[in-house]
Amino acid sequence: MISTAIPYANGAPHIGHAYERIATDAFARFKRLDGFDVLFVTGMDEHGQKMQRTAEKEGLTPQGLADRTAAQFARMGEALNARADDIVRTTQARHKETVLDIWRRMEANGDLYLSKYSGWYSVRDEAYYDEGELTERDGRKFAPTGTPVEWVEEESWFFRLSAYAEKLLAHYEAHPDFITPEHYRNEIVAFVKRGLSDLSVSRTTFDWGIPIPPSPETTASHVMYVWVDALTNYITATGWLTVQGDRARFWPADAHVIGKDITRFHAIYWPAFLMSAGAPLPKQIVVHGFLFSRGEKMSKSLGNVVGPHELIERYGVDQLRYFFLREIPFGQDGNYSHEAIVNRINADLANDLGNLAQRSLSMIAKNCAGAVPAKGDLTDADRDILAQASAALEKARAAMDDYAPHHALAEIFRVVAEANRYFAGEEPWAKKKTDPARMATVLHVTAETLRRLAIPLQPFIPEAAAKLLDLLGVGPDARDFVHAGDADALQDGAPLPPPAPIFPRFVEAEEVTD
Ligand code: ME8
């Protein structure tokens with residue numbers, strides 16, 4: 001099981017959301033093609049004060065706002081070719097049931113108590129902050145994330161988070177890969193080592209949330225703190241705890257893919273809640289960095305918010321997926337700009353991969369009767385390029401196990417570049433008259449190299465890889481990684497469809513300015 005964070009339903013999808021969805025989809029596709037049984041889930045975070053306030057501002061009901069945003073995110077998932085198996089919306093009945101179950105388990109374990117909360121709260125972050133973490137500007141106080149905080153004083157349920165610091169540290173110690181990349185792990189470990197305060201887990205000053213069952217001790221009606229609610233979505237998706245159906249086997253999750261701003265919630269609160277509820281912990285919290293448009297943080301006020309749909313329309317979906325996954329070292333922040341995207345499209349996709357496929361396949365169409373040319377005796381150069389293409393899958397697999405798609409793609413494209421050198425060096429066009437058998441062998445080896453590379457490219461650029469495999473005559477049931485090797489190699493004389501381009505160059509149109 002692999003998940004994305006569930007985006008707040010108070011605003012339209014932005015490129016950070018698209019990035020997370022693309023990366024998680026690539027991880028899910030990779031495992032699926034590698035023979036694993038995969039559950040890929042996403043969702044919508046629909047409760048909380050921020051939702052209630054935005055809805056009021058826009059003259060909508062919170063549910064109306066959530067429905068509108070959920071439809072936008074569903075469209076984004078389709079447009080990115082990154083459809084999940086399930087979308088958990090926190091206003092769904094199945095989810096409320098799961099959250100109440102978790103709550104009762106934490107209560108039964110003696111970890112919830114009623115008290116009074118007085119302290120600072122950021123509605124934008126839906127997070128509490130200690131006085132010491134705040135900065136002051138113009139008489140107003142701000143959280144370390146830059147968002148304004150307000151003073152909150154209310155009756156509240158508390159979760160005994162303080163009792164979990166040692167247990168969490170022991171867990172991080174015993175599972176060094178629990179938070180990855182390591183840099184985020186170190187931050188979390190240092191934070192927990194400073195000690196944890198108990199966490200306020202209910203609110204009484206608004207009502208857009210999951211109601212907490214009334215107790216004789218309370219004087220007001222409480223709704224669940226939105227992070228207890230939201231984090232539980234991951235269990236809702238599997239039905240573990242409640243439905244116990246077919247999907248329950250997917251819990252505990254293998255990976256929660258999240259952005260760096262919400263590591264505290266996923267690597268501290270969530271495992272503590274689960275320990276309290278007696279539930280197994282997810283195996284890994286996989287953290288990605290933030291995307292910036294030319295190095296600036298995206299914000300509406302800066303006017304640099306480019307929507308995912310606009311980018312897909314301008315560059316193409318595989319092009320965008322490739323750019324994000326190849327360009328940004330996973331886990332680090334990254335920039336995107338028109339120039340950088342065009343550069344990747346033209347250099348890697350159009351020139352290296354697209355041209356090699358186009359040149360070799362059109363030579364085959366013209367000179368080899370549109371069928372896989374016959375392979376003669378192999379030279380060292382032939383054997384070497386085929387071996388490199390096979391090894392690319394192994395290296396990509398290791399990189400993806402480390403959540404490093406940029407390394408996987410770098411390796412595959414290193415071999416694409418090698419294959420171009422091989423093709424240019426062998427000059428099959430010059431051998432047409434002098435040594436047609438050798439020409440056929442070089443074209444065969446090139447086509448087989450492309451097949452071996454197209455197979456591991458599928459998770460990253462699904463449409464173009466499928467098109468390339470079509471052009472190579474590889475049937476839909478011969479595309480899993482298990483078919484990448486010698487046993488399924490192209491056969492002499494197998495018919496091929498007419499060649500077609502897979503990646504056009506990006507040509508500047510007059511209106512494309514940045
Ligand atoms: O945090 N670049 O929702 P969200 C890359 N509802 N990733 C970014 C980003 C950027 N500029 N901006 C945001 C929430 N993200 C909660 C999650 S999970 C139980 C609840 C990432 O809509 C962000 O880090 O603010 C998070 O992983 C995801 O987008 C949703 O952010």
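This is a short dialogue on reading some features of the structure above.

Trainee: What kind of model is this?

Mentor: The model is predicted: local features need pLDDT of at least 70, side-chain atom pairs count only at pLDDT 80 or more, and totals for chains, interfaces and linings use all residues. Residues are numbered from 1 along each chain as its sequence is written.

Trainee: Which residues touch the most other members of the largest nonpolar core?

Mentor: In soluble globular proteins, nonpolar side chains tend to be buried together. A nonpolar core here is a set of buried Ala, Val, Leu, Ile, Met, Phe, Trp, Tyr and Cys residues joined through C-beta atoms within 7 Å. Buried means 20 or more other C-beta atoms within 10 Å of the residue's own, exposed means 12 or fewer, and partly exposed is in between, with C-beta atoms placed from the backbone. The largest core has 147 residues, and those touching the most other members are Ile 22, Phe 273, Ile 412, Leu 453, Ala 454, Leu 468 and Leu 472.

Trainee: What is Phe 273 in contact with, leaving aside its neighbours within four places in sequence?

Mentor: Phe 273 is in contact (C-beta atoms, placed from the backbone, within 7 Å) with Ile 102, Met 106, Val 228 and Leu 231.

Trainee: Which residues come nearest the ligand?

Mentor: A residue is near a molecule if its C-beta atom, placed from the backbone, lies within 6 Å of it. There are 19 residues around the ligand, and Ala 5, Pro 7, Gly 16, Asp 45 and Gly 259 come nearest. Two or more residues each come from helix H1 (15-33), helix H7 (226-231) and strand S13 (255-259). Helices (H or I, at least four residues) and strands (E, at least two) are DSSP runs, numbered from the N terminus. H1 gives the most to this shell, with four residues.

Trainee: Where are the cis peptide bonds and positive phi angles you mentioned earlier in class?

Mentor: Most residues other than glycine have a negative phi, and most peptide bonds are trans. Here a cis bond joins Thr 180 and Pro 181, with omega about 0°. Pro 181 sits in the loop between strand S9 (179-180) and helix H6 (182-193). Another cis bond joins Trp 251 and Pro 252, with omega about 5°. As for phi, Glu 126 is not a glycine, yet its phi is positive, about 50°. Asp 138, also not a glycine, has a positive phi of about 45°.

Trainee: Is Asp 138 buried or exposed?

Mentor: Asp 138 has 5 other C-beta atoms within 10 Å, so it is exposed. Glu 126 counts as buried because it has 22 C-beta neighbours inside 10 Å.

Note on methods. Contact = placed C-beta atoms within 7 Å.
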